[in-house]
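Colleague: I've got the sequence and the model open side by side. Can we walk through the odd backbone spots, the salt bridges and the helix packing?

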Amino acid sequence: MKKVLCYTLFLTVFTVLGCSQQSKNSNDVEKKINSLLSQMTLDEKIGQMNQLTDVGINDDVKAQIKNGSVGSFLNTMSPEQINEMQKIAVEESRLGIPLVFARDIIHGFKTIFPVPLGQAASFNPEVGYNGARVAAVEASSVGIRWTFTPMMDISRDARWGRIAESCGEDPVLTAKMVVAMIRGFQGENLADPTSIAACAKHFAGYGAAESGKDYNTTWIPEELLRDVYLVPFEAAAKAGCATFMCSFNDINGVPSSGNRHLNVDILRNEWGYDGVLVSDWGSAQQMIPHGFSEDLKQAAEQAANAGMDMDMMGFAYINHLKELVNEGVVSEKTIDSAVRNILRLKYRLGLFDKPYVEIKDSTVFYAKESLEKAKQAAVESAVLLKNENNVLPLANLKSVAVIGALADAPADQVGTWCFDAEPSHSVTPIAAITEAYGKDVKINYVQTLKYSRDKNKSDFPKALAAARNSDAVLYFVGEEAILSGEAKCLADISLQGAQSELLTELKKSGKPVVLVVMAGRPLTIEKEAKEADAILYAFHGGTMAGAALADLIFGKAVPSGKLPVTMPKMVGQIPIYYNHKNTGRPTGKGATLIDEIPVGAGQFSIGSTSYHLDAGSEPLYPFGYGLSYTTFEYSDVQLSDTVISLNGKITAKCTIKNTGKYDACEVVQFYMRDLVGELIRPVKELKDFQKILIKAGESREVEFTLTTDDLAYWHSDMKKRADKGKFYLWIAPSSDLGKAVEFKLK
Ligand code: BGC
C-alpha cells in the first residue's frame with residue numbers, strides 16, 4: 001500500500017509541476033519552431049517527415065542526412081554510430097536540425113520486465129511505471145530517445161499474438177497502466193537525457209482484428225470505438241504522450257494511416273493533441289494492398305491529408321509529397337503542421353541543445369535495483385488460478401521434481417519483442433529454485449520436453465520416475481517467445497506439443513502437481529485446470545521470472561495478480577470478455593450442456609438461451625480473477641446516497657478483512673452497470689481499482705467515488721452523457737463476484 005500511495009503522490013506532484021513548466025516553455029518553443037520553419041525549403045520539410053531504418057553508415061546515408069532528407073532513424077543501436085550520424089545532421093546539414101533515434105523497447109531494453117499483459121495482471125500502475133523507467137534509463141544510455149511503446153490496443157481475442165503486448169481487455173485498466181508507462185518513459189521532463197518519448201499505439205482499433213489474425217480488418221461502430229478502444233488513447237493524449245502511431249488495420253473500410261476522422265477530427269481537434277503521429281512500418285504504403293490507394297502517390301496524398309506526420313519506412317512522402325504540393329493536392333499548410341509537430345518533439349527532447357549521447361560504459365544495464373524491480377513486477381504479474389488443498393506454497397518438502405520446457409528457457413521466458421535482451425542474464429526457474437532451495441530440498445530435474453512444441457515423449461518415463469521419487473511436482477509449461485507477438489497468431493491456443501500429455505503422465509505419480517504457465521496469451525487449459533492441483537499463470541515474466549516464481553512457489557512472496565483478460569475454456573468462445581451485453585435471453589450457470597441432452601430431445605426442451613452447448617456461457621476464469629495464499633472477506637458495500645443527481649457523485653465504501661495467515665495484497669475492484677440505456681450497456685464495467693496490502697487478521701476500509709461522468713457513454717447522436725435510471729455497483733475481488741448495490745441517477 002505504501003508503494004501505491006507513493007506512486008499516486010508522485011503523479012500528483014508531477015502533474016502540477018509538469019503543467020506549469022510546460023506552459024512556460026511552450027511559447028518559446030513555438031517561436032523557435034516558426035522561425036526554423038520559415039527558413040526551411042519544401043524538400044527539407046518533407047525530409048523531416050521521413051523515417052528510415054538503420055542500414056549502417058554508407059555514402060548514401062551520409063548524403064541523405066546532409067541534405068536533410070531524413071528526420072529520424074529507427075534501429076540504430078550503437079551510440080558511436082548515433083553520434084556520427086547526428087554530427088552530420090547538426091554540423092553539415094544546412095539548418096542543423098538534429099535527428100531523433102527510435103527503437104521498439106516494449107517491456108525492457110536489457111533488464112526485461114514481464115510482457116505488458118503480465119504487467120497488467122499486477123493491477124499496479126507502479127509496475128508499469130518502473131518497467132518503463134528502467135527501460136528508458138537503459139535505452140537512452142545508447143542514444144535512443146524515442147520508443148514505440150506503450151501498446152494500448154484493447155484485445156478480446158487471445159488468438160491475436162499481440163495480446164501479449166497489450167494490457168488486456170479492459171479500457172480502464174489499460175488506461176491506468178499505459179499512463180504510468182508513459183510517465184516512466186518520459187520522466188519528469190522530456191529533455192532529461194534519460195527520458196525517451198513514448199508512443200501511443202496502434203491508433204486505433206488494431207486489437208479488434210477479425211478472427212484474431214494480425215493486420216486484419218476491423219468493423220467497429222463509433223460508439224464502441226469511443227466507449228472502449230479509444231479510452232486509453234485519450235488518456236495517453238491527456239497525459240502528454242509525445243507521439244502516437246497509426247495502426248495497420250482499417251476500421252470500417254478506412255485504413256488508419258488515411259483516416260482523417262481518427263487522426264484529425266478526434267486526435268487533433270477533439271483532444272487538442274500536438275505531438276507527432278507516425279505511421280506504422282510501411283502502413284501508408286500498405287494502403288495500396290488494402291485497396292484504398294491506387295499507388296504510392298495516392299497513398300502519400302491520403303496519408304498527408306489525413307494528418308499522418310511521419311512516414312516510417314513507407315517511402316510515400318519522400319517520393320511523392322513535393323509533387324503533390326506542387327500540384328496543389330496537398331497544401332503547404334498541411335506539411336507545415338506536420339513538420340511543426342516533429343520539430344516540437346525534437347525541441348521537447350532537448351535535442352537542439354544536447355544532440356549527442358554521452359558514451360558511457362554499460363553499468364546502467366542490469367543495475368541491482370532494476371533487477372529487483374523486474375523481479376517484483378514478475379511476482380505481481382503471476383496469477384494463482386487454482387490451489388487445491390493449499391498445495392502452494394510448497395513447505396516441509398524433502399524433494400521436488402522440476403519438469404518442463406519452460407523450466408529452463410532463458411530466451412523464451414523474456415517473451416516477445418525483446419530485440420536487445422541477452423538470455424544469458426535470464427534467471428530461469430530451475431536456476432532460481434536450485435540456488436535458493438537446492439541445499440534443503442532435493443531437486444529432481446528432468447526437463448523432458450525441450451521446447452513448447454516438442455512432441456518427443458522419450459523422456460516421459462524419466463519424468464514420471466522423478467515425480468514418483470519426489471514429494472511434489474513443479475511442471476513448467478507454456479509457449480516459446482516466437483509463438484506470440486506481431487504476426488504470431490494462432491487458431492488453436494491450447495498447450496503446444498506434448499505438454500498436455502506430459503501432465504496426464506505426471507499425475508500418475510499420485511503426487512501434487514503444480515502447473516506453472518509461462519505464455520504470451522491466455523491459453524485454453526480447461527483439461528489441465530482439472531488435472532493440476534495448483535496453477536500459477538505467470539505469462540512471460542522477463543529476466544527475473546525464475547527468481548520471482550521461486551519466491552512465489554516457496555512462499556517468500558504471495559500471489560496478488562488478477563487476470564487482465566478473460567480466459568476461455570475453448571477457442572470457439574472467442575470473443576469472450578466480461579463487459580459484454582446481456583442479450584434478450586441471457587443464460588445463468590445452469591445451462592444444459594451437450595452431454596446432458598437426452599437423446600432425441602425435442603428442439604426447445606433444453607431452453608433457448610444464449611450459450612454454447614459444449615462450453616456453456618462462462619469462461620474458464622473470468623476477468624479480474626486471481627487467488628492468494630490468504631483469504632479476504634468483503635463486507636457489504638455502503639453508499640453515501642442511493643440517488644445521484646446530475647453533476648453529482650456517490651461514494652461507496654467496503655471493509656476488507658484478511659482472514660488468512662499471510663500478509664497479502666488484494667486488488668479491490670469497483671464495477672458498475674447501467675441497467676437501462678438508450679443503447680444497451682455492458683453487464684459490468686470496471687470503473688476503478690485499488691491494490692492494497694492487508695496484514696493477516698487485519699481489516700482495511702476502501703472507498704471509491706463515482707461521478708456522473710463515470711456513468712456516461714456515447715449515445716447514438718455521438719454525444720457522451722449519462723442516462724437517468726437505475727444502476728448497480730459492486731466492490732468485489734473479481735468481475736464475477738460481489739453483491740450488487742443499487743442507486744439511481746435523477
Ligand atoms: C509494429 C510496430 C512497431 C514498428 C517498428 C511494426 O511492425 O507494428 O508496433 O513499433 O514495427 O518496429
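Colleague: Where does Pro150 lie?

Modeller: This is a predicted model, so to speak of local features we need pLDDT of at least 70, and side-chain atom pairs count only at pLDDT 80 or more, while totals for chains, interfaces and linings use all residues. Residues are numbered from 1 along each chain as its sequence is written, and side-chain values use heavy atoms, with hydrogens and water left out. Helices (H or I, at least four residues) and strands (E, at least two) are DSSP runs, numbered from the N terminus. On that numbering, Pro150 sits in the loop between β4 (146–147) and α7.

Colleague: What is the peptide bond from Thr149 to Pro150, cis or trans?

Modeller: Look at omega for that bond: its value is near 0°. The bond from Thr149 to Pro150 is therefore no puzzle to label, because an omega near 0° goes with cis.Colleague: Which element holds His202?

Modeller: A cis peptide bond also joins Lys201 and His202, with omega about 0°. The second residue of that bond, His202, is part of strand β5 (residues 199–203).

Colleague: Asn396 has a positive phi; is Asn396 buried or exposed?

Modeller: Phi of Asn396 is near 50°, and the residue is not a glycine. Asn396 lies in the loop between β11 (383–387) and β12 (399–403). Buried means under 20% relative accessible area, exposed over 50%, and partly exposed in between (1.4 Å probe, protein chains only). With a relative accessible area of 81%, Asn396 is exposed.

Colleague: How many salt bridges are there?

Modeller: Side chains of opposite charge can pair when their charged atoms come close. A salt bridge here is a side-chain nitrogen of Lys or Arg within 4 Å of a carboxyl oxygen of Asp or Glu. By this rule, the count is 38.

Colleague: Which residue forms a salt bridge with Asp157?

Modeller: Asp157 is buried at a relative accessible area of 6%, and its partner also counts as buried, at 16%. The closest N and O atoms of the pair are 2.8 Å apart. That partner is Arg159.

Colleague: How many residues apart are Asp274 and Arg348?

Modeller: Their side chains meet in a salt bridge, 2.9 Å from N to O. The pair links distant parts of the chain, with Asp274 in the loop between α10 (260–270) and β9 (276–278) and Arg348 in helix α14 (residues 332–348). Asp274 is partly exposed at 30%, and Arg348 is partly exposed at 26%. Along the sequence, Asp274 and Arg348 are 74 residues apart.

Colleague: What is the N to O distance between Glu480 and Arg453?

Modeller: Glu480 counts as buried at 7% relative accessibility, whereas Arg453 is partly exposed at 39%. The side chains of Glu480 and Arg453 meet in a salt bridge, and the N to O distance is 2.6 Å.

Colleague: On to the helices: what is the angle between α15 and α20?

Modeller: Two packed helices are described by the angle between their axes and the distance between the axes. Axes are lines fitted to C-alpha atoms, for helices over the stretch in contact, and angles run from 0 to 180 degrees between N-to-C directions. For helix α15 (residues 368–381) and helix α20 (residues 545–553), the axes are 8 Å apart and the angle is about 55°.

Colleague: Which residues of α15 meet α20?

Modeller: Contact means heavy atoms within 4.5 Å. On the α20 side there are Ala545, Ala547, Ala548, Asp551 and Leu552. On the α15 side there are Lys375, Ala378 and Val379.

Colleague: Why are α16 and α20 called oblique to each other?

Modeller: Angles under 35 degrees count as roughly parallel, over 145 as roughly antiparallel, 65 to 115 as roughly perpendicular and the rest as oblique. Helix α16 (residues 429–437) packs on α20 with the axes 7 Å apart, at an angle of about 50°. That angle therefore makes α16 and α20 oblique.

Colleague: Which residues of α8 are buried?

Modeller: The cover over the buried part of α8 includes α7 (171–186), α9 (231–238), β7 (250–251), α10 and β24 (713–714). Within helix α8 (residues 222–229), the buried residues are Leu225, Arg226, Asp227, Val228 and Tyr229.
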